[in-house]
Amino acid sequence: MSGNEIIEWIGIFLILFGAIFSVISAIGLVRLPDVYTRTHAASKSSTLAVLLCLLGTFLYFWSHDGYVSVRLILGIIFVFITAPVSGHLICRAAYRTRVPLAEGSGVDELKPVLFGADEDVVLTDNIAVVTKDIVDNDKNEK
């Protein structure tokens with residue numbers, strides 16, 4: 001095997017691994033419980049899947065045809081920058097509109113900082129409603 005054939009096979013394996021990560025990402029989108037974990041699956045593993053596929057394609061065409069594709073390089077850079085940012089913005093928008101965490105997600109340490117310690121989120125008919133705790137009224141009366 002020559003050096004070009006080895007690089008072609010590396011490109012093929014990168015495309016294969018990218019396809020496997022894409023399937024794992026799709027399973028994560030279906031199976032995970034809430035918007036935060038689904039966004040994590042969509043942004044992290046899908047980014048890796050697309051980057052592996054594009055890098056494998058770049059290596060394959062570079063070794064097979066001697067063709068350096070600027071479009072593939074720009075696609076790699078674009079996906080690498082925009083996918084994590086969009087995942088972060090979707091999670092941030094969901095959190096600020098008070099989409100509830102899944103059961104067993106752990107402690108929400110950001111809630112008292114952003115929304116105040118005395119507010120509680122109640123879900124009625126899939127609409128998040130902010131209510132004040134009765135504890136504050138008891139503190140003021142004493």
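The following is a conversation between a trainee and a mentor about one predicted model.

Trainee: What should I keep in mind about this model before we start?

Mentor: It is a predicted model, where local features need pLDDT of at least 70 and side-chain atom pairs count only at pLDDT 80 or more, while totals for chains, interfaces and linings use all residues. Residues are numbered from 1 along each chain as its sequence is written, and side-chain values use heavy atoms, with hydrogens and water left out.

Trainee: Happy with that. Which elements does the chain have, and in what order do they run?

Mentor: There are 5 helices and 2 strands, and from the N terminus on they run α-α-α-α-β-β-α. Both kinds are DSSP runs numbered from the N terminus: helices are H or I with at least four residues, strands are E with at least two.

Trainee: Why are α2 and α3 called roughly antiparallel?

Mentor: Start with the value: the axes of α2 (residues 35-64) and α3 (residues 70-96) come within 9 Å and cross at roughly 180 degrees. Axes are lines fitted to C-alpha atoms, for helices over the stretch in contact, and angles run from 0 to 180 degrees between N-to-C directions. Angles under 35 degrees count as roughly parallel, over 145 as roughly antiparallel, 65 to 115 as roughly perpendicular and the rest as oblique. The two helices are therefore roughly antiparallel to each other. By class, their contact has 18 nonpolar, 6 polar and no charged residues. For those classes, Ala, Val, Leu, Ile, Met, Phe, Trp, Tyr, Cys and Pro count as nonpolar, Asp, Glu, Lys and Arg as charged, and the others, Gly among them, as polar.

Trainee: What makes threonine 47 buried?

Mentor: Buried means under 20% relative accessible area, exposed over 50%, and partly exposed in between (1.4 Å probe, protein chains only). Threonine 47 has a relative accessible area of 7%, so it is buried. This residue has its place in helix α2. Leaving aside neighbours within four places in sequence, threonine 47 is in contact (heavy atoms within 4.5 Å) with Ala42, Val79, Ala83 and Pro84.

Trainee: Is isoleucine 15 buried, partly exposed or exposed, and how do you know?

Mentor: Its relative accessible area is 33%, so isoleucine 15 is partly exposed. You will find isoleucine 15 in helix α1 (residues 3-31). Not counting residues up to four places away in sequence, isoleucine 15 touches Leu52, Cys53, Gly56 and Thr57. As for valine 50, 35 residues away along the chain, its C-alpha atom and that of isoleucine 15 are separated by 8.8 Å.

Trainee: And glycine 28 and alanine 41: how far apart are their C-alpha atoms?

Mentor: They are separated by 5.7 Å, with their positions 13 residues apart along the chain. Glycine 28 sits in helix α1, whereas alanine 41 belongs to helix α2. Glycine 28 has a relative accessible area of 13%, so it is buried; alanine 41 has 10%, so it is buried too. Beyond neighbours within four places in sequence, glycine 28 is in contact with Arg38 and Ala41. On the same basis, alanine 41 is in contact with Ser25, Gly28, Leu29, Leu32 and Ser46.

Trainee: What is unusual about the phi of arginine 98?

Mentor: Arginine 98 has a positive phi of about 65 degrees although it is not a glycine. Most residues other than glycine have a negative phi. The place of arginine 98 is in the loop between α3 and α4 (111-115). Its relative accessibility is 18%, so arginine 98 counts as buried.

Trainee: What makes a site a pocket rather than a cavity?

Mentor: On a 1 Å grid over the protein atoms alone, a cavity is a set of points where a 1.4 Å probe fits but cannot get out, and a pocket is an open set with protein on both sides within 12 Å along at least five of seven lines; lining residues have an atom within 4 Å of a point. The second largest pocket here has a volume of about 210 Å³.

Trainee: Which element gives the most to its lining?

Mentor: Helix α3 does, with 5 residues. The lining has 6 nonpolar, 1 polar and 3 charged residues, and Tyr36, His88 and Cys91 are among them. Cysteine 91, in helix α3, touches Tyr36 and Thr39, not counting residues up to four places away in sequence.

Technical notes. Grid points are joined across faces, edges and corners, and a volume is the space filled by probe spheres set on the points.
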